[in-house]
Amino acid sequence: MQQSVTEGTTVQDSDIKPPRLLSEADLELIDALQINPRASWVDVGAAIGADPVTAARRWQRLNASGEAWTTVALGRRQMHAMSVAFLEIDCAAGAAVEVADRLAAAGHLITVQHVAADHDLFVIAVAASMPALADYLLADLPRVTGVAKVRTHVATRVFDASRRWRLRVLSPGSARTLARRPAAPEPTGRMDALDRRLFAALLADGRAGYSELARAVGTSERTVQRRLSRLVGSGDIDFRCDLARAHAGWHSSAVLWLRMPDALLEETGRALLDWPETRTCSALAGARNMLLTVGLHAAGDLHPLVVRLEERFPHVVVADRQIVLRQAKLYGRRLDRFGRCTGVVPVDPWSLGG
């Protein structure tokens, strides 16, 4: 399990080795866990043609090297209740790396990226309420050393792409054997203190067992099992598996700002969730009323994707697009310059208050 990191933690260049392309067997293992991050090693091994001990040992190696990891994410219901904003941040000359490192230490700033644009950083902020988000954006963020200017784009609808995206290297038959059975929907109120502790404990390791989680949150295994079932069934949380994407041939990514008739936002957003390149898709309150982030095998793939986008959706205008230079943080994971996980900053939208 990766260790939590604090502000100022950096990785020395001499400690960073260039990415290796993962083997087909490793990609199959990761794909299996993307389909079902908490599947038993018996089921995973059967799907990829390996014995359970070998599958577990290979995963431990991938996880220890920071090349792949499992975690928990806020589910559809929680994301609909949250206030989400996409930030374009200008930094003082020469300060972008230091600013990114400072911002990456904040639990409510879940993703921090360097972009090739007329601004330096692209950041995703999540808070439990709009007043809490506004307080941070208006009072706290402008005082961060090195931040020169911030442009804020508030999300009005977040389309959930994280669970759908996967490597897609397993055969359809193997994928079907691992598919998660939808849990029966269970009504619930806001996540309480125990739910939040459980969420925090799962962020570092989405495959943590019930006994480990019970010790971490101070309750019984039965309570943990019951809570997890309820949180998943209600759509409050979801599990995900991710990886250092360059190690799987996804060497680039981009941020696209789209404009379209408001009446077509829902239809377009849902359709884009099925694109293998889609990472994030959200409707925005602005003239550029949709944000789309995509993974690319190479920067040169951006133009064909834009052409395909405009042909498939003739009502869409691509108002702007930016190549991501480096991901400093991805959904609570600090990354090195090759996308490997170097530490965990727990996602905490409640840290700003409700």
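Where is the place of Arg168? Select Arg168 and you will find yourself in the loop between β5 (147–159) and α7 (172–178). Helices (H or I, at least four residues) and strands (E, at least two) are DSSP runs, numbered from the N terminus.

Before moving on, some ground rules. This is a predicted model, in which local features need pLDDT of at least 70 and side-chain atom pairs count only at pLDDT 80 or more, while totals for chains, interfaces and linings use all residues. Residues are numbered from 1 along each chain as its sequence is written, and side-chain values use heavy atoms, with hydrogens and water left out.

**Stop 1: two residues with a positive phi**

Stay on Arg168. Its phi is positive, about 60°, although Arg168 is not a glycine. Most residues other than glycine have a negative phi. Is Arg168 buried, partly exposed or exposed? Arg168 is partly exposed, with a relative accessible area of 45%. Buried means under 20% relative accessible area, exposed over 50%, and partly exposed in between (1.4 Å probe, protein chains only).

Now select Tyr331, in the loop between β10 (317–330) and β11. Tyr331 also has a positive phi, about 40°, and is not a glycine. With 11% relative accessibility, Tyr331 counts as buried.

**Stop 2: Thr111, a partner of Tyr331**

Keep Tyr331 on screen and add Thr111, which is found in strand β3. A polar atom of the Thr111 side chain lies 3.3 Å from the backbone nitrogen of Tyr331. This is a polar contact: a pair of N or O atoms within 3.5 Å; within protein, one must be able to donate a hydrogen and the other to accept it, and residues adjacent in sequence count only if both atoms are side-chain atoms. Thr111 is buried, at a relative accessible area of 6%. Leaving aside residues up to four places away in sequence, Thr111 touches Phe122, Val123, Ile124, Lys329, Leu330 and Tyr331. Contact here means heavy atoms within 4.5 Å.

**Stop 3: His108 and Ser129**

Next, select His108, in the loop between α5 (96–104) and β3 (109–116). His108 counts as buried, at 8% relative accessibility. Which residues does His108 touch, not counting residues up to four places away in sequence? They are Ile124, Ala125, Val126, Tyr136, Asp348, Pro349, Ser351 and Leu352. For a sense of distance, add Ala175: His108 and Ala175 are 67 residues apart in sequence and 34 Å apart in space, C-alpha to C-alpha.

Then go to Ser129, in the loop between β4 (121–127) and α6 (130–140). Ser129 is buried, with a relative accessible area of 10%. A polar atom of the Ser129 side chain lies 3.2 Å from the backbone nitrogen of Ala132.

**Stop 4: helices α1 and α2**

Show residues 24–35 (helix α1) and residues 41–48 (helix α2): their axes come within 10 Å and cross at roughly 130°. Axes are lines fitted to C-alpha atoms, for helices over the stretch in contact, and angles run from 0 to 180 degrees between N-to-C directions. The two helices, α1 and α2, are therefore oblique to each other. Angles under 35 degrees count as roughly parallel, over 145 as roughly antiparallel, 65 to 115 as roughly perpendicular and the rest as oblique. To see the contact, pick Glu28, Leu29, Ala32 and Leu33 of α1 with Trp41, Val44 and Ile48 of α2.

**Stop 5: helices α9 and α10**

Now for another pair. The axes of α9 and α10 are 8 Å apart, and the helices pack at an angle of about 100°. α9 and α10 are therefore roughly perpendicular to each other. Select Tyr210, Ser211, Leu213, Ala214 and Val217 of α9, and Glu221, Val224, Gln225 and Leu228 of α10, which make the contact.

**Stop 6: helix α8**

Which residues of helix α8 (residues 193–204) are buried? Colour Leu194, Asp195, Leu198, Phe199, Leu202, Leu203 and Ala204 to see them. What covers these buried residues of α8 includes α9 (210–217), α10 (221–233) and β1 (68–74). At the N-terminal end of α8, Asp192 is the cap, with a side-chain oxygen 3.1 Å from the backbone nitrogen of Leu194.

**Last stop: Arg279**

Finish at Arg279, found in strand β8 (residues 278–284). Arg279 counts as buried, at 13% relative accessibility. A polar atom of the Arg279 side chain lies 3.1 Å from the backbone oxygen of Pro276. Add Leu292 to the view: Arg279 and Leu292 are 13 residues apart along the chain, and their C-alpha atoms are separated by 7.5 Å.
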